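Trainee: Could you take me through one part of this structure in close detail? I would like to see how a single region connects to what surrounds it, starting from a residue of your choice.

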Amino acid sequence: MEILANLFEANKNWAKGITEKQPNFFKELSKQQSPKYLWIGCSDSRVPANEIVALPPGGIFVHRNIANLVVHTDLNCLSVIQYAVEVLNVQHIIVCGHYGCGGIKAAMGNQTHGLIDNWLRHIKDIYRFHQEELDALEDEEERFRLFCEKNVIEQVANVSKTGIVQQAWKAGKELSVHGWIYNLEDGLLKDLGVCTTK
Ligand code: CO
């Protein structure tokens, strides 16, 4: 018996559905990729990059981690940004957070969660930057929502300050960095209006 047979079955049907409409789709796409967008999002299973913006394979270059963080020492994320900007020449980097983010929620509490606490520390730092504004909100749900937004805004700044993006702007490349947030409850995106360009 095939392990996880249901997934292989689904995969076969998916590939068949695409090739029925566009017989050369995979052959053509296998030769090269030229996505216009880099998506930096949360690993949350409910926030799938391609589906949310209805882009087919080849449409979007993706990096996901817990709470969509761009940490200046994270070689994984930085390598993705470098490849996307310098080799693929993406024109837009989208940092997309989401309301109800478990990583953000965990960073708001004082419980320990093991290894991941080291990752969550980065989010706790962001809370400290905005402590006055966040603490002023009495409603915990409202505070949680604002914190999710603040995190996206900080990550847009982090992307913009990387040597990779700074170099691209100096070289006159068309490149913008956007901050978006996704609502799990209705499937809709909101632009936080913090777009940076050269
Ligand atoms: Co999340």
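Mentor: Happy to! Let's start with Ala67, which has a relative accessibility of 0% and therefore counts as buried, the cut-off being under 20%. Please keep in mind that this is a predicted model. Ala67 sits in the loop that runs between strand 2 (60–65) and helix 4 (75–87). Its backbone deserves a look as well: phi is positive at Ala67, about 70°, although the residue is not a glycine.

Asn68 belongs to the loop between strand 2 and helix 4 too. Here phi is about 45°, again positive in a residue that is not a glycine. Asn68 has a relative accessible area of 1%, so this residue is buried.

What does this loop meet elsewhere in the chain? One partner is Asn151, which touches Ala67, Asn68 and Leu69, and also Ile104 and Ile126, leaving aside residues up to four places away in sequence. Asn151 lies in helix 8. With a relative accessible area of 1%, Asn151 is buried, because the limit for that class is under 20%. For a sense of scale, the C-alpha atoms of Asn151 and Trp169 are separated by 24 Å, although these residues are 18 positions apart along the chain.

Two of the residues that Asn151 touches, Leu69 and Ile126, lead us on to the largest pocket, since both appear in its lining. Its volume is about 160 Å³. Rolling a probe the size of a water molecule over the atoms shows where empty space is left. The stretch Leu69, Val70, Val71 and His72 contributes to the lining of this pocket. The rest of the lining consists of His122, Asp125, Ile126, Phe129, Glu154, Gln155 and Asn158. By character, the lining residues split into 5 nonpolar, 4 polar and 2 charged. If you are thinking about the chemistry of the lining, Asp125 and Glu154 are the charged residues in it.

Two helices, helix 6 (117–129) and helix 8 (140–161), each provide at least two of the lining residues. Helix 6 gives the most, with 4 residues.

So let's look at helix 6 itself. Its 13 residues reach 18 Å from the first C-alpha to the last, close to the 18 Å expected at 1.5 Å a residue. Leu120, Ile123, Ile126 and Tyr127 are its buried residues. An α-helix has 3.6 residues a turn, so residues three or four places apart point the same way. The cover over the buried residues of helix 6 includes helix 5 (102–108), helix 7 (131–135) and helix 8. Ile126 ties several of these threads together: it is one of the buried residues of helix 6, it lines the largest pocket, and it is touched by Asn151.

Helix 7, part of that cover, also holds Glu132. In contrast to the residues so far, Glu132 has 74% relative accessibility and counts as exposed, because the cut-off for that class is over 50%. Between Glu132 and Tyr99 there are 20 Å in space, C-alpha to C-alpha, and the two are 33 residues apart in sequence.

Tyr99 brings us to the stretch of sequence that holds two donors of the cobalt ion. The ion is coordinated by the SG of Cys42, the NE2 of His98 and the SG of Cys101, at 2.0 to 2.3 Å. Along the sequence, these donor residues follow the spacing C-x55-H-x2-C. Both His98 and Cys101 are buried.

Finally, let's step back to the setting of our loop. The protein chain has 9 helices and 5 strands, arranged along the sequence as α-α-β-α-β-α-β-α-α-α-α-α-β-β. Its C-alpha atoms fill a box of roughly 55 × 50 × 30 Å along the principal axes. Of its 198 residues, 40% count as buried, Ala67 being one that does. Among contacts with a separation of 6 or more, 61% join residues 24 or more positions apart. The touch between Asn151 and Ala67 gives you a concrete pair to find in the viewer.

How values were computed:
Residues numbered from 1 in each chain as written. Predicted model: local features only at pLDDT ≥ 70, side-chain atom pairs only at ≥ 80, totals over all residues. Heavy atoms only, no water. 1 Å grid on protein atoms, 1.4 Å probe; cavity = no way out; pocket = protein on both sides within 12 Å on 5 of 7 lines; lining within 4 Å. Points joined across faces, edges and corners; volume = space filled by probe spheres on them. Expected span 1.5 Å × (residues − 1). Buried < 20%, exposed > 50% of the residue type's maximum accessible area, 1.4 Å probe, protein only. Contact = heavy atoms within 4.5 Å. Donors = N, O, S within 2.8 Å, 3.2 Å for Na, K, Ca; no water.
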